[in-house]
Amino acid sequence: MTVLQNLPRRGPKGTEPSMVIGGARPRDEKTEELAAKIFSEFKSDFRYKEYVLGCINCGECTTGCPAARFYNFSPREMLQIAYQDDPLVLLDAMQEKIWACCQCYTCNMRCRFGNDIAGIISVMRELAVRNGLDSAKEVLKPYSRILLAVMTNGTQVSPDMIQPDFFADWGPFAVAKQTDIKTLRKAIPIDVLQVTDSSWEVSMQTSLELFQIYTESGVVDMLKSIDPDLVEMIEDIVDEWKDEFEEMKAKYGVGEA
Amino acid sequence: MASPKILIIGGGPAGLSAAQDITDAGGEAILVEQEGFLGGTPKRLHYSLLAPDLKPVEEVLDPLIDSVQQSGARCMTGAKVESVNSGRNGFTVTISGGGKKVEEKVDAVVVATGFAHWDPHKKYEYAYGVYPDVIDFKDFEKMLSDGNIVRPSNGQVPRRVAWLLCVGSRDRQVGKFYCCRLGCAVSIKQAMEVRRINPAIDTYVYYMDIRTYGFWEDKLYWKSMEEFGVKYIRGRIGSINRGEDGRLIAMAEDTILQRPSEVPLDMVVLATGMEASEGTRETAAMLGLELEEHGFVKPLESDSMPVSTAVPGVFVCGTATGPKAIPDSITEGSAAAIKALNYVRKRSIKVQARA
């Protein structure tokens with residue numbers, strides 16, 4: 001009975017796939033295992049129930065989607081994949097399509113069913129990173145410099161660094177706006193400290209505390225599966241800082257000088 | 001036993017039908033209508049033809065109005081029920097109208113206060129009220145009744161008209177979770193009417209599902225394609241923009257081709273949903289009637305007793321209990337009439353037995 005062979009295997013309760021969209025596909029034990037694992041993690045994520053409610057296929061999410069205009073991507077398709085129960089289709093989407101989303105959340109604003117589509121895409125992305133999918137590695141490769149700065153400093157740009165000269169595509173209008181930017185900033189009605197030049201000089205104590213948070217919350221482990229070299233580099237830097245910090249503490253007493 | 005005296009609030013199809021059946025059965029009907037004429041929303045908003053047989057509204061409602069007026073029912077137009085007090089022997093009602101107040105004693109009350117079209121201003125993506133060429137059901141019905149299909153922006157005959165279904169229905173964002181039941185049929189009917197008046201106008205219907213129940217399927221949906229050439233696009237318009245030439249640009253996803261699309265259109269008709277009218281809400285509050293979760297009057301048992309309410313002696317019919325077509329409203333009016341008459345008869349038997 002070929003039909004029975006294509007039925008999905010039973011997984012843990014509440015996460016077992018009940019239906020296969022694509023029908024028969026070439027079977028590859030390793031891929032299926034990975035798909036089943038990701039599928040079960042995905043469906044048991046506490047956000048899943050909150051974000052994915054149902055879909056009446058109106059297509060309003062795709063209508064406003066900037067990514068859908070340029071890529072073979074549609075938020076409606078992503079939500080359908082999230083709603084349906086096919087691990088392999090989910091894995092396929094996570095290998096490529098989810099990375100087209102620019103997380104602008106227009107789909108959420110449009111959705112008449114109240115789904116959090118951009119949210120569920122970000123959950124998929126998170127799982128792709130956690131499971132070290134090739135797609136995640138590929139996508140995050142150009143960002144390792146940024147990741148390094150964010151993981152060590154907590155930030156990678158200061159407002160003053162963003163100068164119109166660096167971004168020709170901003171156009172003349174944006175340049176004109178920049179001339180009076182300091183005054184405009186002062187008009188911001190909330191207290192924003194007005195510090196625009198020092199984000200590269202985060203105090204060492206803050207950096208170390210931040211790294212502690214990254215470690216305890218699992219961000220470092222997550223990154224390890226994607227880019228172990230980068231994590232090694234970051235850890236070296238942080239270790240160096242730790243020694244330096246201890247020295248400073250011994251020299252000047254408690255805390256930072 | 002004196003003939004039963006029954007107050008009917010609302011002079012639309014349901015209220016008219018109730019009034020007719022009460023007087024036909026020998027009862028005394030007092031029909032209170034807030035507008036200066038009978039016929040309800042179909043008359044007030046100048047509906048054109050009715051689905052599915054493309055019959056003019058006048059042909060359906062005028063005989064009913066005439067027979068009610070000739071039957072001896074007391075029709076008070078331009079009047080309003082100010083208060084209803086229930087006592088041992090029925091209700092004491094105060095009706096104001098024409099600058100004076102009248103007090104009446106009635107045995108039962110039939111609520112037929114109807115619906116209102118949902119206000120599409122609330123769905124800002126469709127720019128209703130911003131772009132003149134975006135209109136809604138009631139605007140287009142008026143236009144069809146006048147037989148003058150032109151773009152409100154420039155007065156020219158449109159080349160392409162599109163209908164967008166489910167505006168203010170099936171939408172969690174605006175708090176309207178239910179289907180309006182009629183949007184599909186009315187849109188298709190309007191498209192057929194347009195094609196009949198001017199076959200040079202192309203008509204498109206943007207839909208999620210076409211819900212043409214029962215006989216409407218072949219009489220409207222199939223026929224509109226076979227005989228009238230109405231085009232259907234599965235997918236909704238998410239927002240409406242305006243191009244440089246002043247034409248509308250409908251941004252939609254064609255969910256069959258699975259790609260986003262931008263289509264220039266001359267007019268977009270929003271298929272606005274139904275909600276409980278202000279009169280329905282006010283009357284329900286005055287009579288102590290419970291509203292169900294969608295804001296309509298809650299019947300005692302929606303399955304088995306759709307025209308009875310939890311308040312003894314008060315009956316409800318038509319679109320006051322939810323979206324309904326005109327024939328259904330007329331049927332429910334008759335049902336409410338017989339229920340009200342039976343209520344009065346049973347009560348008088350009880351009173352006699354007690355005496």
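This report covers the sheets, helix packing and chain contact of a predicted two-chain model.

**Confidence**

The predictor gives the complex an ipTM of 0.85 and a pTM of 0.83. Chain B has a mean pLDDT of 94. In that chain, 100% of the residues reach 70 or more.

**The parallel sheet of chain B**

Chain B holds an open sheet of 5 strands with parallel pairing. The strand order is β5-β2-β1-β9-β20. At the edges stand β5 (74-77) and β20 (314-316) of chain B, and each pairs on one side only. From one strand to the next, the twist averages 20°.

Take the β20 end of this sheet. Strand β9 (residues 108-111) of chain B runs parallel to β20(B), and 3 bridges join them. Within this pair, Val110(B) stands opposite Phe315(B) in β20(B).

Helices pack on this sheet. Helix α1(B) touches β1 (5-9), β2 (28-33) and β9 of chain B. The direction of α1(B) makes about 165° with that of β2(B). Helix α8 (residues 326-354) of chain B touches β1, β9 and β20 of chain B. The direction of α8(B) makes about 165° with that of β9(B).

**Helix against helix**

Two packed helices are described by the angle between their axes and the distance between the axes. The table gives one pair from each chain.

| Helix pair | Angle | Axis distance | Crossing |
|---|---|---|---|
| α1 (13-24) and α3 (57-71) of chain B | about 40° | 9 Å | left-handed |
| α11 (144-153) and α16 (228-252) of chain A | about 30° | 10 Å | right-handed |

In chain B, α1 and α3 pack at an angle of about 40°. That angle makes α1(B) oblique to α3(B). On the α1(B) side, the contact residues include Leu16(B), Ala19(B) and Thr23(B). On the α3(B) side, they include Leu61(B), Ile65(B) and Val68(B). The residues of this contact divide into 7 nonpolar, 5 polar and 1 charged.

In chain A, α11 contributes Ser144(A), Leu147(A), Leu148(A), Met151(A) and Thr152(A) to its contact with α16(A). They meet Leu230(A), Met233(A), Ile234(A), Ile237(A) and Val238(A). This contact has 8 nonpolar residues, 2 polar and no charged.

**The antiparallel sheet of chain B**

A further open sheet of chain B has 3 strands in the order β15-β16-β17, with antiparallel pairing. Strands β15 and β17 (259-265) of chain B stand at the edges, each with a single partner strand, so one side of each has no neighbour in the sheet. Neighbouring strands are turned by 25° against each other on average, direction ignored.

Strands β15(B) and β16(B) are joined by 5 bridges. Asn241(B) stands opposite Ile249(B) in β16(B). The hairpin of these strands has 5 residues between them, and there Gly246(B) takes a positive phi near 85°. On the other side of the sheet order, 7 bridges join β16(B) to β17(B). Met251(B) has Glu262(B) in β17(B) as its bridge partner.

**Where the chains meet**

Which strand gives the most to the side of chain B that touches chain A? The contact takes 15 residues from chain B and 17 residues from chain A. On the chain B side, β15 (237-242) and β16 (248-254) each supply at least two residues. Strand β16(B) gives the most, with 3 residues. The chain B side divides into 4 nonpolar, 6 polar and 5 charged residues. The hairpin strands β15(B) and β16(B), which run antiparallel, thus both take part in the contact with chain A.

Terms used: Residues numbered from 1 in each chain as written. Chains lettered and ligands numbered in written order. Predicted model: local features only at pLDDT ≥ 70, side-chain atom pairs only at ≥ 80, totals over all residues. pLDDT = per-residue confidence, 0-100. Axes fitted to C-alpha atoms, helices over the stretch in contact; angles between N-to-C directions. Helix = DSSP H or I, 4+ residues; strand = E, 2+ residues; numbered from the N terminus. Parallel < 35°, antiparallel > 145°, perpendicular 65-115°, else oblique. Left-handed = near helix turned anticlockwise from the far one by under 90°. Contact = placed C-beta atoms within 7 Å. Nonpolar A, V, L, I, M, F, W, Y, C, P; charged D, E, K, R; others polar. Pairing = 2+ DSSP bridges.
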